[in-house]
Amino acid sequence: RSPMAEGVFRSITKSDTRVGSIDSAGTGAYHEGSPPDPRTMSVLEENGEHSYHHQARKVRNSDFKDFDYVLAMDADNLHDLSRVQRRIVKNSGLHAAPAKVMLFGDFGGHEGEEVIDPYYGARDGFTIAYEQMTRFSKGFIEKVFQDGDVPTS
């Protein structure tokens with residue numbers, strides 16, 4: 001899911017100078033070092049994104065410092081990412097880690113919307129995920145820039 005989100009977000013924001021670094025990572029290292037699922041790539045290509053390249057990686061502690069936002073695909077990921085962030089804050093003595101950890105689906109018009117993992121299903125799950133990522137990305141950009149909170153990374 002996160003490579004699809006990254007590919008869509010990169011495509012939507014490619015000429016937007018207000019957007020800094022974009023990356024995706026998993027909460028587990030299941031596919032670390034691997035390219036995105038071929039179904040992800042075919043859906044991205046069908047929608048005009050032909051230049052996306054990615055190698056899977058696991059979330060790093062530095063992500064919570066290097067990025068303004070860490071966006072989760074579902075409630076379990078949100079819980080896991082929030083727990084990692086709390087541990088980082090506790091171990092560093094900071095009041096809070098700079099990154100805002102949020103559910104990406106909250107930006108799609110339906111608070112609490114999750115992206116069902118299409119990996120074990122049919123290809124249409126990837127098409128549904130693409131539609132969700134497009135809505136979430138557009139909603140995120142609208143909300144963040146409307147609030148004047150311009151991401152730098």
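## Exercises on a predicted model

At 8% relative accessibility, Gln 132 counts as buried, and the exercises below, which concern a predicted model, begin with this residue.

**Exercise 1.** Decide whether Gln 132 is buried or exposed, and work out what surrounds it.

*Solution.* First, place the residue: Gln 132 is found in helix H5, which covers residues 124-146. Next, compare its relative accessibility of 8% with the cut-off, since buried means under 20% relative accessible area; Gln 132 is therefore counted as buried. Then look for its partners, leaving aside residues up to four places away in sequence: Gln 132 touches Glu 113, Glu 114, Val 115 and Ile 116. Finally, examine one of these partners, Glu 113, whose side chain makes a polar contact of 2.9 Å with the side chain of Gln 132.

**Exercise 2.** Decide whether Pro 35 is buried or exposed, and state where it is found.

*Solution.* Begin with the position: Pro 35 is found in the loop between helix H1 (2-13) and helix H2 (38-46). Its relative accessible area is 63%, and exposed means over 50%, so Pro 35 is exposed. As a last step, relate Pro 35 to Val 84: the two are 49 residues apart in sequence, and their C-alpha atoms are 25 Å apart in space.

**Exercise 3.** Describe the largest pocket and the second largest pocket by volume and by lining.

*Solution.* Start with the largest pocket, which has a volume of about 1,200 Å³. It is lined by 49 residues, of which Ser 2, Pro 3, Ser 24, Ala 25 and Gly 26 are the closest to its centre. Sorted by class, the lining has 27 nonpolar, 12 polar and 10 charged residues. Helix H1 gives the largest share of this lining, with six residues. Turn then to the second largest pocket, which holds about 170 Å³ of space and has among its lining residues Thr 27, Lys 58, Asp 80 and Val 84. Its lining consists of three nonpolar, two polar and four charged residues.

**Exercise 4.** Compare the radius of gyration of the protein chain with that of a compact globule, and describe the chain as a whole.

*Solution.* First, list the elements: the chain has five helices and two strands, in the order α-α-α-β-α-β-α from the N terminus on. Second, make the comparison: a compact globule of 153 residues would have a radius of gyration near 15 Å, and because the protein chain has 15 Å, the two agree. Third, consider burial, for which 43% of the 153 residues count as buried. Lastly, take the contacts with a separation of 6 or more, 72% of which are between residues 24 or more positions apart.

Definitions and conventions. Residues are numbered from 1 along each chain as its sequence is written. This is a predicted model: local features need pLDDT of at least 70, side-chain atom pairs count only at pLDDT 80 or more; totals for chains, interfaces and linings use all residues. Side-chain values use heavy atoms; hydrogens and water are left out. Helices (H or I, at least four residues) and strands (E, at least two) are DSSP runs, numbered from the N terminus. Buried means under 20% relative accessible area, exposed over 50%, partly exposed in between (1.4 Å probe, protein chains only). A polar contact is a pair of N or O atoms within 3.5 Å; within protein, one must be able to donate a hydrogen and the other to accept it, and residues adjacent in sequence count only if both atoms are side-chain atoms. Contact means heavy atoms within 4.5 Å. On a 1 Å grid over the protein atoms alone, a cavity is a set of points where a 1.4 Å probe fits but cannot get out, and a pocket is an open set with protein on both sides within 12 Å along at least five of seven lines; lining residues have an atom within 4 Å of a point. Grid points are joined across faces, edges and corners, and a volume is the space filled by probe spheres set on the points. Ala, Val, Leu, Ile, Met, Phe, Trp, Tyr, Cys and Pro count as nonpolar, Asp, Glu, Lys and Arg as charged, and the others, Gly among them, as polar. The radius of gyration is taken over C-alpha atoms; the globule rule is 2.2 Å times the number of residues to the power 0.38.
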